[in-house]
Amino acid sequence: MGKKLYIGNINYATTEDQLTDMFSQFGSVVSCDIIVDRFSGQSKGFGFVEMEREEDAKSAIESLDGRELDGRQLRVNEAKERPSGSRRPPREY
């Protein structure tokens, strides 16, 4: 299991600081990123948290998957690496 976690179903108003605080209960948080739309800056409702230790990541998944934050039940699991070339090709107009 990796140390990078996928966090889904995040409320659009939730901040990276809130996620960091929540996950730091389980160990040291290396990074926290909520993915935003590049044009509007609006949250896309998911993000990633990287924990320093694999054991801490496992504890966070077990404790936080399904927990409510800002009125939404979070989905927390191990982040999967994207296969290379998985980005959609650019649109042609």
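Here are some questions and answers about this predicted model.

Reader: Let's start with the strands. Which strand does β1 pair with in the antiparallel sense, over 5 bridges?

Author: β1 covers residues 4-8, and glycine 8 in that stretch stands opposite phenylalanine 46. Phenylalanine 46 belongs to the strand at residues 43-51. So the antiparallel partner, being a DSSP run numbered from the N terminus, is β3.

Reader: And how many bridges join β2 to β3?

Author: β2 takes up residues 29-36 and runs antiparallel to β3. Cysteine 32 sits opposite valine 49 of β3. The number of bridges between β2 and β3 is 6.

Reader: Which residue in the turn of the β2 and β3 hairpin has a positive phi?

Author: The hairpin leaves 6 residues between β2 and β3. One residue in that turn has a phi of about 80°, and it's glycine 41.

Reader: Is threonine 14 buried or exposed?

Author: Threonine 14 is in a loop, the one between β1 and α1. Buried means under 20% relative accessible area. Threonine 14 comes in at 6%, so it counts as buried.

Reader: Which side chain makes a polar contact with the side chain of threonine 14?

Author: Leaving out residues up to four places away in sequence, threonine 14 touches Leu19, Ile34, Leu69 and Asp70. The polar contact is made side chain to side chain at 2.6 Å, and the partner is aspartate 70.

Reader: Over to valine 76. What separates its C-alpha atom from that of leucine 5?

Author: Valine 76 lies in β6, residues 75-78, and is buried at a relative accessible area of 1%. Its contacts beyond four places in sequence include Leu5, Tyr6 and Ile7, along with Phe23. Valine 76 and leucine 5 are 71 residues apart along the chain, yet their C-alpha atoms are separated by 6.7 Å.

Reader: Why do the buried residues of α2 lie on the same side of the helix?

Author: The buried residues of α2, which spans residues 54-64, are Asp56, Ala57, Ala60, Ile61 and Leu64. They lie on the same side because the arc they cover around the axis is only 140°.

Reader: What covers the buried residues of α2?

Author: Valine 76 of β6 gives a start, since its contacts include Ala60, Ile61 and Leu64. These three are among the buried residues of α2. The cover includes β1, α1, β3 and β6.

Reader: Which residue just after α2 takes a positive phi?

Author: α2 runs over residues 54-64. Just after α2 there's a residue with a phi of about 95°, and that's glycine 66.

How values were computed. Residues numbered from 1 in each chain as written. Predicted model: local features only at pLDDT ≥ 70, side-chain atom pairs only at ≥ 80, totals over all residues. Heavy atoms only, no water. Pairing = 2+ DSSP bridges. Helix = DSSP H or I, 4+ residues; strand = E, 2+ residues; numbered from the N terminus. Buried < 20%, exposed > 50% of the residue type's maximum accessible area, 1.4 Å probe, protein only. Polar contact = N/O pair within 3.5 Å; in protein donor to acceptor, adjacent residues only side chain to side chain. Contact = heavy atoms within 4.5 Å. Arc of directions from axis to C-beta.
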